[in-house]
Amino acid sequence: MNLEAQVMEKMKEAMKSKNEGMLRGLRAIKAEIIKAKTEPGAGGELTEDGALKMLQKMVKSRKDSLQIFQEQSRTDLAQKEQEEIDLIQQFLPAQLTEEQITQQLKEIIVQVGANGPQDLGKVMGIATKQFAGQADGKLVAALVKNLLTHS
């Protein structure tokens, strides 16, 4: 089942159960799907890869807002953002732990023959594709830098 069908199914459930928070988040996802499908070059379709990137962008945006609301002690708004983050993450693949990422990065480093910080680009190119949707890009970049400077 594609993302749009999953979202529509969940929206029906949310409407029946009168879950306003869930419905708000699902409507936001649906709006982003429609926006992505109508962008030039999309051809009215949303690829699985495109859907993944869209959801990750939505989570990142909400995490940024959440941080700002928490700094401003706006718990009401922060709670709404957290609810939406939790909802959107249900549609993303399970996130890898830092240990799992580090282990796979060590394998990538050996695979490409990286020797130091100058090989960051080589490693990140493969790592970005391999961890798509399963790990935060900033975390991956930080771990790669750490591994390459201490190798």
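In this predicted model, the largest nonpolar core holds 24 residues, and those touching the most other members are Leu3, Val7, Leu26, Ile29 and Leu55. Four helices each give two or more residues to this core: α1 (3-17), α2 (20-38), α3 (48-71) and α4 (75-89). The largest share comes from α3, which supplies eight residues.

A good place to start looking around this core is leucine 26. With its neighbours within four places in sequence set aside, leucine 26 is in contact with Val7, Lys10, Met11, Ala14, Leu87 and Phe91. Val7 thus appears twice in this picture, once as a contact of leucine 26 and once among the core members that touch the most others. A second core, of 16 residues, lies apart from the largest one, and its members include Ile108, Phe131, Val140 and Leu147.

Attention can now move to a pair of packed helices. Helix α5 (residues 98-112) packs against helix α7 (residues 137-149) at an angle of about 55°, and the two axes are 10 Å apart. Because angles from 35 to 65 degrees fall outside the parallel and perpendicular classes, α5 is described as oblique to α7. The crossing of these two helices is right-handed. On the α5 side, the contact is made by Glu98, Ile101, Thr102, Leu105, Lys106 and Ile109. On the α7 side, the residues taking part are Leu139, Val140, Leu143, Val144, Leu147 and Leu148. Sorted by class, the contact of α5 with α7 has nine nonpolar residues, one polar residue and two charged ones. Two of the α7 residues in this contact, Val140 and Leu147, are also among the members of the 16-residue core.

The loops offer a further detail that is worth a look, this time in the backbone. Lysine 18 lies in the loop between α1 and α2, and its phi is near 55°, a positive value in a residue other than glycine. Is this lysine 18 buried or exposed? Lysine 18 has a relative accessible area of 69%, and since the cut-off for exposed is over 50%, lysine 18 counts as exposed.

Serine 73 can be read along similar lines. This residue sits in the loop between α3 and α4. Phi of serine 73 is also positive, near 55°, again in a residue other than glycine. With a relative accessible area of 59%, serine 73 is exposed. The helices that flank these two loops, α1 and α2 for lysine 18 and α3 and α4 for serine 73, are the ones listed above as giving two or more residues to the largest core.

How values were computed
Residues are numbered from 1 along each chain as its sequence is written. This is a predicted model: local features need pLDDT of at least 70, side-chain atom pairs count only at pLDDT 80 or more; totals for chains, interfaces and linings use all residues. Side-chain values use heavy atoms; hydrogens and water are left out. A nonpolar core is a set of buried Ala, Val, Leu, Ile, Met, Phe, Trp, Tyr and Cys residues joined through side-chain atoms within 4.5 Å. Buried means under 20% relative accessible area, exposed over 50%, partly exposed in between (1.4 Å probe, protein chains only). Contact means heavy atoms within 4.5 Å. Axes are lines fitted to C-alpha atoms, for helices over the stretch in contact, and angles run from 0 to 180 degrees between N-to-C directions. Angles under 35 degrees count as roughly parallel, over 145 as roughly antiparallel, 65 to 115 as roughly perpendicular and the rest as oblique. A crossing is left-handed if the near helix is turned anticlockwise from the far one by less than a right angle, and right-handed if clockwise. Ala, Val, Leu, Ile, Met, Phe, Trp, Tyr, Cys and Pro count as nonpolar, Asp, Glu, Lys and Arg as charged, and the others, Gly among them, as polar.
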